[in-house]
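Okay, everyone, thanks for making time. I have one model to walk through today, so have a look at the screen.

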Amino acid sequence: MARLPAGIRLIISFSRDQWYRAFIFMLTFLLYASFHLSRKPISIVKGELHKQCAAGDEPEPRFSDPSSSTKNRIPHQLQDNETEIDCGWAPFDKSNYQQLLGALDYSFLCAYAIGMYLSGIIGERLPIRYYLTFGMLASGAFTALFGLGYFYNIHSLGFYVVTQIINGLVQTTGWPSVVTCLSNWFGKGRRGLIMGIWNSHTSVGNILGSLIAGYWVSTCWGLSFIVPGAIVAAMGIVCFLFLIERKVSENSINRFRLQKQTAHGEKSGPLDPELQCLLLSDGKSPLHPSHVVVIPGDSSSGMAAISFTGALRIPGVIEFSLCLLFAKLVSYTFLFWLPLYITSVDHLDAKKAGELSTLFDVGGIFGGILAGVVSDRLEKRASTCGLMLLLAAPTVSLSMLLLSGALVSGPYALITTAVSADLVSGHHALSPSPALVSLSGAALGPLLAGLISPSGWSNVFYMLMFADACALLFLIRLIHKELSCPGPAAGNQAP
């Protein structure tokens with residue numbers, strides 16, 4: 001008898017559980033990458049919303065004159081007799097454009113920070129698959145809505161701010177859901193490496209978002225939002241069709257067998273459709289344990305949600321939250337302002353600036369993986385974060401984007417994935433504690449960048465270096481504890 005082909009032998013060498021783990025890993029990776037893909041266009045389009053005018057020139061408020069509405073239908077299409085200088089899309093074409101663009105970022109990120117806490121409370125009461133699907137469909141709709149402002153010639157700042165606020169709220173469904181799902185399938189062994197690789201979805205999404213938005217930014221910036229919005233919505237449908245929330249445990253198998261035996265002896269209502277996946281189609285013979293993959297949510301699993309104050313009492317939560325406040329400040333300032341900075345300083349167009357800014361995200365991929373590998377080997381999460389933060393401060397500059405991306409994104413990636421999962425081990429996966437970690441901040445950095453940049457971009461980088469030093473400062477106690485006590489990190493010893 002002929003031997004099986006090598007490829008088939010490779011496939012059957014892995015158990016069904018391993019294949020499902022790989023599938024969930026890739027699916028959640030793509031789902032959250034699409035979230036970040038939809039967040040990136042605003043930073044790319046900033047260079048088009050406000051263009052550099054000749055010194056001392058500033059256009060009249062064209063959008064306020066009804067008689068000129070046809071002439072201004074699309075700002076970059078000028079009439080032959082028009083002598084006004086095109087400085088972008090009103091109302092962002094004025095000298096205070098940096099504050100207005102900062103208001104867009106702050107609206108999104110402030111809503112995101114507040115919504116992250118609410119997301120933990122609401123999400124723990126709903127099936128993850130339904131909750132995440134709703135969030136992705138809504139996020140796609142409001143991302144596209146921002147781009148429709150181009151086609152419908154909308155120049156109201158309020159329209160764009162409200163769209164950003166609602167989009168920030170619905171995007172909070174993503175992170176707690178995908179981290180919970182991944183934690184359900186992967187144990188604590190090599191969690192730093194697994195989540196370090198998985199967390200590169202942030203950088204991958206940013207890179208794809210930059211390239212997609214940059215393709216249309218100079219010709220039709222509305223599509224820079226509509227296309228990413230459509231991608232997020234499409235991934236929401238994929239989530240609904242394919243996401244498996246958790247794998248089955250042996251206790252659950254025995255419980256379902258007992259339920260089936262009881263069903264033979266007495267009349268009962270129809271089984272839940274998700275329970276039927278544990279039984280054969282004839283309803284008589286139990287499914288072999290190796291084929292059991294899915295179980296429904298179980299309110300009696302013994303993992304109760306904890307309160308906000310209870311989350312604060314978990315060892316390490318306060319320190320890591322304050323550290324993340326400043327780590328996110330740095331990371332999100334780069335995310336939302338780096339392309340505009342490149343446009344202003346190097347005088348590149350919006351498309352080329354967006355492409356160059358991807359170097360920071362490429363570095364972020366390697367930084368997240370490196371942080372995970374080192375923290376797994378040393379079993380010291382805080383010390384790993386502290387070392388990278390210490391090395392990051394001198395590299396926060398345009399000339400070292402790749403290295404800066406690795407050192408800035410490494411601690412941020414480690415805290416939001418492996419550390420967060422460690423801290424909530426033994427508690428409800430969607431409890432307020434991971435929400436607290438994300439709630440501690442992303443809105444402050446882009447807001448400060450918008451306020452400080454008029455005085456000079458160098459002052460923005462000084463602010464980022466100071467924030468990086470503060471992030472390191474809040475980890476000093478945990479680092480000292482880890483280095484003085486051999487064994488696992490303090491975060492892993494949470495009750």
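I'll start with the overall picture, then move to the core, the empty spaces and a few single residues.

Quick housekeeping first. This is a predicted model, where local features need pLDDT of at least 70, side-chain atom pairs count only at pLDDT 80 or more, and totals for chains, interfaces and linings use all residues. Residues are numbered from 1 along each chain as its sequence is written, and side-chain values use heavy atoms, with hydrogens and water left out.

So, the overall picture. The protein has 21 helices and zero strands; those are DSSP runs numbered from the N terminus, H or I with at least four residues for a helix, E with at least two for a strand. There are 495 residues, and 53% of them count as buried. Buried here is under 20% relative accessible area, exposed is over 50%, and partly exposed is in between, with a 1.4 Å probe and protein chains only. If you take contacts (heavy atoms within 4.5 Å) with a separation of 6 or more, 82% are between residues 24 or more positions apart.

Now the core. By nonpolar core I mean buried Ala, Val, Leu, Ile, Met, Phe, Trp, Tyr and Cys residues joined through side-chain atoms within 4.5 Å. The largest one has 70 residues, and Trp221 and Phe334 touch the most other members. Helix 14, residues 317-346, supplies the largest share of this core, 16 residues. Apart from it lies another core of 27 residues, including Ile24, Phe29 and Ile244. Back to Trp221: beyond four places in sequence, its contacts include Trp89, Phe146, Tyr160 and Trp216, and also Glu48.

Next, empty space. We work on a 1 Å grid over the protein atoms alone: a cavity is a set of points where a 1.4 Å probe fits but cannot get out, a pocket is an open set with protein on both sides within 12 Å along at least five of seven lines, and lining residues have an atom within 4 Å of a point. Points join across faces, edges and corners, and a volume is the space filled by probe spheres set on them.

How many cavities of 30 Å³ or more does the structure hold? There are 10, and the largest has a volume of about 170 Å³. Its lining has 21 residues, and the closest to its centre are Thr202, Ser203, Asn206, Ser331 and Ser409. By class, that lining is seven nonpolar, 12 polar and two charged. For the classes, Ala, Val, Leu, Ile, Met, Phe, Trp, Tyr, Cys and Pro are nonpolar, Asp, Glu, Lys and Arg are charged, and the others, Gly among them, are polar.

The second largest pocket holds about 150 Å³. Of its 11 lining residues, Gly47, Lys51, Thr343, Asp349 and Ala350 are the closest to its centre.

Last, three single residues. Ser210 sits in helix 9 and is buried, at 1% relative accessible area. Leaving out neighbours within four places, Ser210 contacts Lys40, Ile44, Gly354, Ser357 and Thr358. Asn167, in helix 6, is also buried, at 3%. And Met465, in helix 20? Buried or exposed? It's partly exposed, at 30%. Its C-alpha atom is 5.2 Å from that of Ala393, although the two are 72 residues apart along the chain.
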